[in-house]
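Welcome to a short set of exercises on reading a protein model. Have the structure open beside you and try each task before you look at its solution.

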Amino acid sequence: VDIAPLAIEAARKKAGKKCEFAAVDFLEKDPPRAPYDLVVDRGCFHCFEEADRARFAARVAALLAPGGQWLSLI
């Protein structure tokens, strides 16, 4: 999931049919197939202003299945 359609297009080209991608602002709309067992955040969380980080974390938590994990590479 990424908010940028160009990033999703590039990811689809690299991964082929191995993964499913969606251009979604997950702060505003649930991405497809939630809840997830694993959410991987590669360099997104730290880009938010401090005041918005709690909202970001709450959305990740809401999209995780029970016992799911969030891996954040900051």
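Below are four exercises, each with a worked solution.

This is a predicted model, in which local features need pLDDT of at least 70 and side-chain atom pairs count only at pLDDT 80 or more, while totals for chains, interfaces and linings use all residues. Residues are numbered from 1 along each chain as its sequence is written, and side-chain values use heavy atoms, with hydrogens and water left out.

**Exercise 1. The loop before β1**

Task: Find the backbone features of Arg-33 and of the peptide bond from Ala-34 to Pro-35.

Solution:
- Step 1. Start with Arg-33, which lies in the loop between α1 and β1; helices (H or I, at least four residues) and strands (E, at least two) are DSSP runs, numbered from the N terminus.
- Step 2. Read its phi: the value for Arg-33 is near 70°, which is positive although the residue is not glycine.
- Step 3. Go on to the bond from Ala-34 to Pro-35, which is cis with omega near 5°.
- Step 4. Set this against the general rule: most residues other than glycine have a negative phi, and most peptide bonds are trans.
- Step 5. Look across from Pro-35: its C-alpha atom is 5.1 Å from that of Leu-64, although the two are 29 residues apart along the chain. Beyond residues up to four places away in sequence, Pro-35 touches Leu-63, Leu-64 and Ala-65, where contact means heavy atoms within 4.5 Å.

**Exercise 2. Buried or exposed?**

Task: Sort Arg-33 and Arg-59 by accessibility.

Solution:
- Step 1. Take the cut-offs: buried means under 20% relative accessible area, exposed over 50%, and partly exposed in between (1.4 Å probe, protein chains only).
- Step 2. Arg-33 has 64% relative accessibility, so this residue is exposed.
- Step 3. Arg-59 has 17%, so this residue counts as buried.
- Step 4. Place Arg-59 in helix α2, residues 50-63. Leaving out residues up to four places away in sequence, Arg-59 touches Phe-26, Leu-27, Lys-29 and Asp-30.

**Exercise 3. Aromatic rings**

Task: How are the rings of Phe-48 and Phe-56 arranged?

Solution:
- Step 1. Count the aromatic pairs: the structure holds five. Rings of Phe, Tyr and Trp (its six-membered ring) pair if their centres lie within 6.5 Å; planes under 30 degrees apart count as stacked, over 60 as edge-to-face and the rest as tilted.
- Step 2. The ring centres of Phe-48 and Phe-56 are 4.9 Å apart and the planes meet at 45°, so this pair is tilted.
- Step 3. Check accessibility: Phe-48 is partly exposed at 21%, whereas Phe-56 is buried at 3%.
- Step 4. Widen the view: ring pairs join Phe-26, Phe-45, Phe-48, Phe-56 and Trp-70 into a cluster.

**Exercise 4. The nonpolar core**

Task: Which residues make up the largest nonpolar core?

Solution:
- Step 1. Define the term: a nonpolar core is a set of buried Ala, Val, Leu, Ile, Met, Phe, Trp, Tyr and Cys residues joined through side-chain atoms within 4.5 Å.
- Step 2. List the eight members: Phe-26, Leu-27, Val-39, Phe-45, Phe-56, Val-60, Leu-63 and Leu-64.
- Step 3. Find the main contributor to this core: α2, with three residues.
- Step 4. Follow one member, Leu-27: apart from neighbours within four places in sequence, Leu-27 is in contact with Phe-48, Arg-55, Phe-56 and Arg-59.
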